[in-house]
Amino acid sequence: IQPKPDKSLAINLEAWDHTIGVMQDQDSIYRVTMEALEDLSNDGVVYAELRFAPLVHTFKGLSTAEIINSVVNGIKDGMQKFDIVAGVILCAMRQEQNSLDVVNLCIEHKDVVGFDLAGPEVGFSVLNHKEACTLAVENNINVTLHADWEVPEGIKEVVLDSKAKRVGHGSQIINDISFENGAISFNNDAAKYVFNIRDAEKNVKDSAESVMREVIGKTNIDF
């Protein structure tokens, strides 16, 4: 499970087979959730969103409700025990064909704060899951899409085509921006859109407040 920086994202993701293998029962899922919040709290984190793919925990017969409730219960207990605020994001995988199922789980479980799409990028475009992303947006599900680690057009696909509020990775966007004589130019509309967010600080606050309200039930948050 050692990182392989000279290998593809898909090869590095194979390490998850080991961790997923030991999270196929409710007690283990609950324990890992609690320990994750404990570690985050010890590191000084005050707000966290735990992202996981519920359908990969069904291999030994758990239902999706049992899986999600194990995580949600771990988050609720962990928030009380470790003095941290946390939420859960349900993740679908690019290489699978069940992203609509995951979005419907987000809609069904009100304790879930967002939807994500992750996994290998090469050969598995976000646009293959456009119906799922549209359904999430239509139901006011916060959308975070992981992209642009390996595929240059990743930012456009998630920000402009799929309406993601946040981008995971996004590392190649630096290649879409040029600096010359103190001036900035953009190689595509997606990079320009990301750069020209009118009030980035306000957008971050609004997004955080929206999610935190769902988690802790407050009507106003002072920053």
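Buried residues make up 39% of the 223 residues in the chain of this predicted model. The exercises below start from the whole chain and then turn to particular parts.

**Exercise 1.** State how many helices and strands the chain has, and what share of its exposed area carbon and sulfur atoms supply.

*Solution.* Step 1: the secondary structure consists of nine helices and seven strands. Step 2: the area exposed by the chain is about 12,900 Å². Step 3: of this area, carbon and sulfur atoms supply 50%.

**Exercise 2.** Determine whether the span of helix α3 (residues 26-42) agrees with the span expected at 1.5 Å a residue.

*Solution.* Step 1: helix α3 has 17 residues. Step 2: the expected span is 1.5 Å times one less than the number of residues, which gives 24 Å for α3. Step 3: the C-alpha atoms at the two ends of α3 are 24 Å apart, so the two values agree.

**Exercise 3.** Describe the ends of α3, and identify its buried residues and what covers them.

*Solution.* Step 1: at the N-terminal end, D25 acts as a cap, with a side-chain oxygen 3.2 Å from the backbone nitrogen of D27. Step 2: after α3 comes G44, which has a positive phi, near 90 degrees. Step 3: within the helix, S28, I29, T33, M34 and L37 are buried. Step 4: the cover over the buried residues of α3 includes strand β1 (47-52), helix α4 (64-82) and strand β2 (85-93).

**Exercise 4.** Classify H57 as buried or exposed, and describe its surroundings.

*Solution.* Step 1: H57 belongs to the loop between β1 and α4. Step 2: its relative accessible area is 5%. Step 3: the cut-off for a buried residue is under 20%, and therefore H57 is buried. Step 4: not counting residues up to four places away in sequence, H57 touches M23, Q24, I29, F52, L62 and I67. Step 5: the side chain of H57 reaches the backbone oxygen of M23 at 2.7 Å. One of the residues touched by H57 is I29, which is also among the buried residues of α3.

**Exercise 5.** Classify S178 by its accessibility, and name the residues of the nonpolar surface patch that includes I184.

*Solution.* Step 1: S178 is part of strand β6. Step 2: because its relative accessibility is 29%, S178 counts as partly exposed. Step 3: leaving aside neighbours within four places in sequence, S178 is in contact with A183, I184, S185 and N187. Step 4: I184 forms a nonpolar surface patch with I174, F179 and F195, and together they have about 420 Å² of accessible area. Step 5: I174 is located in the loop between β5 (166-169) and β6 (177-180).

Notes. Residues are numbered from 1 along each chain as its sequence is written. This is a predicted model: local features need pLDDT of at least 70, side-chain atom pairs count only at pLDDT 80 or more; totals for chains, interfaces and linings use all residues. Side-chain values use heavy atoms; hydrogens and water are left out. Patches are made of residues with over 30% relative accessible area and no salt bridge: like charges are joined within 9 Å, nonpolar side chains (Val, Leu, Ile, Met, Phe, Trp, Tyr) within 5 Å. Accessible areas come from the Shrake-Rupley method with a 1.4 Å probe; for residues, only the protein chains shown count as cover. A salt bridge is a side-chain nitrogen of Lys or Arg within 4 Å of a carboxyl oxygen of Asp or Glu. Helices (H or I, at least four residues) and strands (E, at least two) are DSSP runs, numbered from the N terminus. Buried means under 20% relative accessible area, exposed over 50%, partly exposed in between (1.4 Å probe, protein chains only). Contact means heavy atoms within 4.5 Å. A polar contact is a pair of N or O atoms within 3.5 Å; within protein, one must be able to donate a hydrogen and the other to accept it, and residues adjacent in sequence count only if both atoms are side-chain atoms.
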